[in-house]
Amino acid sequence: MKFSPKTVGLKDGRTILLRHVEVSDAPKVIEFVHGFVYDEEFVPLSEGEFNPTLAEEEQILSNYIERPNSLFLVAEFNGKLVGNINVDGHQRKIMRHTAVFGMGMHKEWQSCGLGTALLNGAIDWAKNDSELEILYLQVYAENEAGLALYRKMGFVEHGRIPNFFKQNGRYHDEISMHLLLK
């Protein structure tokens with residue numbers, strides 16, 4: 001079962017539409033990601049690494065739509081994408097009950113409750129409409145806002161790898177966290 005669209009009010013009074021991505025959203029997704037991916041300190045991509053063709057992005061989105069243990073949600077404000085969360089369920093049989101997720105948003109949408117709304121949507125879907133039992137993530141140890149959000153949502157730390165990310169000649173530790181869903 002897929003995610004049913006929801007209108008969500010944020011802490012700052014703005015209202016977003018949280019919905020499942022559609023293949024036709026590919027141009028919007030590419031534009032959205034390009035709008036923040038290289039400016040954010042805690043996104044593990046270097047300049048030029050996110051460069052899918054329209055056809056490639058359409059295939060990626062199609063895969064999320066077709067796989068029962070995966071989800072790609074977008075947050076829209078006045079028809080414009082302002083945030084996303086992608087839950088990438090493993091395809092190997094012995095790990096199909098697990099999924100890693102990532103999320104992103106434009107800087108002006110941080111600290112207003114959008115991250116909580118995205119994560120709540122994904123967790124609710126995973127608990128009620130999927131075969132998933134474990135969600136997990138990797139986060140920069142210095143990403144205090146992200147860590148606070150994940151802890152608030154019930155994720156627990158289960159490991160740390162020193163110097164995992166190397167960005168602009170500087171090393172960053174990685175923290176791994178998980179949430180048991182069932």
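The following exercises, each with a worked solution, concern a predicted model.

**Exercise 1. The sheet**

Task: Determine in which order the eight strands of the open sheet lie, and which strands stand at the edges.

Solution.
Step 1. The order of the eight strands is S1-S2-S3-S4-S5-S6-S8-S7, and their pairing is mixed.
Step 2. Strand S1 (6-9) and strand S7 (156-167) each have a single partner strand, so these two stand at the edges and one side of each lacks a neighbour in the sheet.
Step 3. From one strand to the next, the twist averages 25 degrees.

**Exercise 2. The partners of strand S8**

Task: Describe how S8 pairs with S6 and with S7, and identify the residues that stand opposite methionine 177.

Solution.
Step 1. Strand S6 (residues 134-140) is paired with strand S8 (residues 170-180) in the antiparallel sense, over seven bridges.
Step 2. Within this pairing, leucine 137 stands opposite methionine 177 of S8.
Step 3. S7 and S8 also run antiparallel, and eight bridges join them.
Step 4. Here glutamate 157 stands opposite methionine 177 in S8.
Step 5. S7 and S8 form a hairpin with two residues between them. In the turn, asparagine 168 has a positive phi of about 50 degrees.

**Exercise 3. Two helices**

Task: Classify the packing of H3 and H4 by angle and by handedness, and name the residues that make the contact.

Solution.
Step 1. Two packed helices are described by the angle between their axes and the distance between those axes.
Step 2. For H3 and helix H4 (residues 144-152), the angle is about 40 degrees and the axes are 11 Å apart.
Step 3. Angles under 35 degrees count as roughly parallel, and those from 65 to 115 as roughly perpendicular. H3 and H4 are therefore oblique to each other.
Step 4. Their crossing is right-handed.
Step 5. H3 contributes Gly115, Thr116 and Leu119 to the contact, while H4 contributes Leu149, Tyr150 and Lys152.
Step 6. These residues divide into three nonpolar, two polar and one charged.

**Exercise 4. Buried, partly exposed or exposed?**

Task: Classify glutamine 167, proline 68 and methionine 103 by their relative accessible area, and describe the surroundings of each.

Solution.
Step 1. The cut-offs are under 20% for buried and over 50% for exposed, with partly exposed in between.
Step 2. Glutamine 167 is found in strand S7. Its relative accessible area is 14%, so glutamine 167 is buried. Apart from residues up to four places away in sequence, glutamine 167 touches Glu41, Val43, Leu45, Tyr140 and His172.
Step 3. Proline 68 lies in the loop between helix H2 (54-66) and S3. With a relative accessible area of 46%, proline 68 is partly exposed. Neighbours within four places in sequence aside, proline 68 is in contact with Arg96, Trp125, Ser130 and Glu131.
Step 4. Methionine 103 belongs to strand S5. A relative accessible area of 25% makes methionine 103 partly exposed. Not counting residues up to four places away in sequence, methionine 103 touches Asn84, Ile85, Asn86, Gly115, Leu149 and Tyr150.

**Exercise 5. Separation along the chain and in space**

Task: State how far apart the C-alpha atoms are for proline 68 and proline 52, and for methionine 103 and leucine 180.

Solution.
Step 1. Proline 68 and proline 52 are 16 residues apart along the chain, and their C-alpha atoms are separated by 24 Å.
Step 2. Methionine 103 and leucine 180 are 77 residues apart along the chain, and their C-alpha atoms are separated by 19 Å.

Technical notes:
Residues are numbered from 1 along each chain as its sequence is written. This is a predicted model: local features need pLDDT of at least 70, side-chain atom pairs count only at pLDDT 80 or more; totals for chains, interfaces and linings use all residues. Side-chain values use heavy atoms; hydrogens and water are left out. Two strands pair if DSSP finds at least two bridges between them. Helices (H or I, at least four residues) and strands (E, at least two) are DSSP runs, numbered from the N terminus. Axes are lines fitted to C-alpha atoms, for helices over the stretch in contact, and angles run from 0 to 180 degrees between N-to-C directions. Angles under 35 degrees count as roughly parallel, over 145 as roughly antiparallel, 65 to 115 as roughly perpendicular and the rest as oblique. A crossing is left-handed if the near helix is turned anticlockwise from the far one by less than a right angle, and right-handed if clockwise. Contact means heavy atoms within 4.5 Å. Ala, Val, Leu, Ile, Met, Phe, Trp, Tyr, Cys and Pro count as nonpolar, Asp, Glu, Lys and Arg as charged, and the others, Gly among them, as polar. Buried means under 20% relative accessible area, exposed over 50%, partly exposed in between (1.4 Å probe, protein chains only).
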